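Please read the points below alongside the sequence and the coordinates, taking them in the order in which they are set out. They concern a predicted model, and they should be weighed as such.

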Amino acid sequence: MTHFLRFPNAYAWTAAAIEAGFITDDTLAAYTHDRAIDAVGTITRGGEYDPETGDVIVAPEVLDGWHINFAGELPDGWEQYAVSPERPVRVFAA
């Protein structure tokens, strides 16, 4: 099962991942026999860009939080970060 998580910010995510033992020596063990972690990060929606230059005409909306997709059993306490997006920005391949 995929869990969609929204941490308050990247620091909160990193602290939780270190506490869960997923980050050691500054390396995230994202894909193991019992979990998969997709660090989506900041999510934006919309925006308008100049097709020739790529310059921003209308800035995109930045959604709150630091987003993580997690497949596997959630570590204790991570349920508080669970969200239920209508249309996830990214999903694991089926």
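1. The largest nonpolar core holds 14 residues, and those that touch the most other members are Leu 5, Phe 7, Trp 13, Ile 37, Phe 70 and Trp 78. Strand S1, helix H1 and strand S10 are the elements that give two or more residues to this core, and H1, with three residues, gives the most.

2. Several of these names return when the rings are examined, since Phe 7, Trp 13, Phe 22, Phe 70, Trp 78 and Tyr 81 form one aromatic cluster. In this predicted model the count of aromatic pairs comes to seven. One of them joins Trp 13 to Trp 78 in an edge-to-face arrangement, at 5.7 Å centre to centre and with 70° between the planes. This pair links distant parts of the chain, given that Trp 13 sits in H1 (residues 10-19) while Trp 78 belongs to the loop between S10 and S11, 65 residues apart.

3. Are the two partners buried or exposed? Trp 13 has a relative accessible area of 5% and Trp 78 one of 4%; both fall under the 20% cut-off, and therefore both are buried.

4. Trp 78 also takes part in an edge-to-face pair with Phe 22, for which the centres are 5.7 Å apart and the planes stand at 85°. Phe 22 lies in the loop between H1 and strand S2 (23-24), whereas Trp 78 lies in the loop between S10 and S11, so this pair ties together parts of the chain that are 56 residues apart in sequence. Phe 22 is buried as well, with a relative accessible area of 8%.

5. Turning to the strands, five of them form an open sheet with antiparallel pairing, in the order S4-S5-S10-S1-S11. Which strands stand at the edges of this sheet? They are S4 (31-32) and S11, and because each has a single partner strand, one side of each is left without a neighbour in the sheet.

6. The pairing of S1 (residues 2-7) with S10 (residues 66-72) is antiparallel and runs over six bridges. Within it, Thr 2 stands opposite Ala 71 of S10, and Phe 7, which is also among the core residues that touch the most other members, stands opposite Trp 66 of S10. S1 pairs in the antiparallel sense with S11 (residues 82-83) too, over two bridges, and here Phe 4 is placed opposite Val 83.

7. A last point concerns open space in the model, where the largest pocket encloses about 370 Å³. Its lining is made up of 18 residues, of which Arg 45, Leu 63, Pro 85, Arg 87 and Val 89 are the closest to the pocket's centre. By class, the lining residues divide into ten nonpolar, two polar and six charged. S1 and S10 each supply at least two residues of this lining, and these two strands are also among the elements that give two or more residues to the largest nonpolar core.

Definitions and conventions. Residues numbered from 1 in each chain as written. Predicted model: local features only at pLDDT ≥ 70, side-chain atom pairs only at ≥ 80, totals over all residues. Heavy atoms only, no water. Pairing = 2+ DSSP bridges. Helix = DSSP H or I, 4+ residues; strand = E, 2+ residues; numbered from the N terminus. 1 Å grid on protein atoms, 1.4 Å probe; cavity = no way out; pocket = protein on both sides within 12 Å on 5 of 7 lines; lining within 4 Å. Points joined across faces, edges and corners; volume = space filled by probe spheres on them. Nonpolar A, V, L, I, M, F, W, Y, C, P; charged D, E, K, R; others polar. Phe/Tyr/Trp six-rings, centres within 6.5 Å; stacked < 30°, edge-to-face > 60°. Buried < 20%, exposed > 50% of the residue type's maximum accessible area, 1.4 Å probe, protein only. Core = buried A, V, L, I, M, F, W, Y, C linked by side-chain atoms within 4.5 Å.
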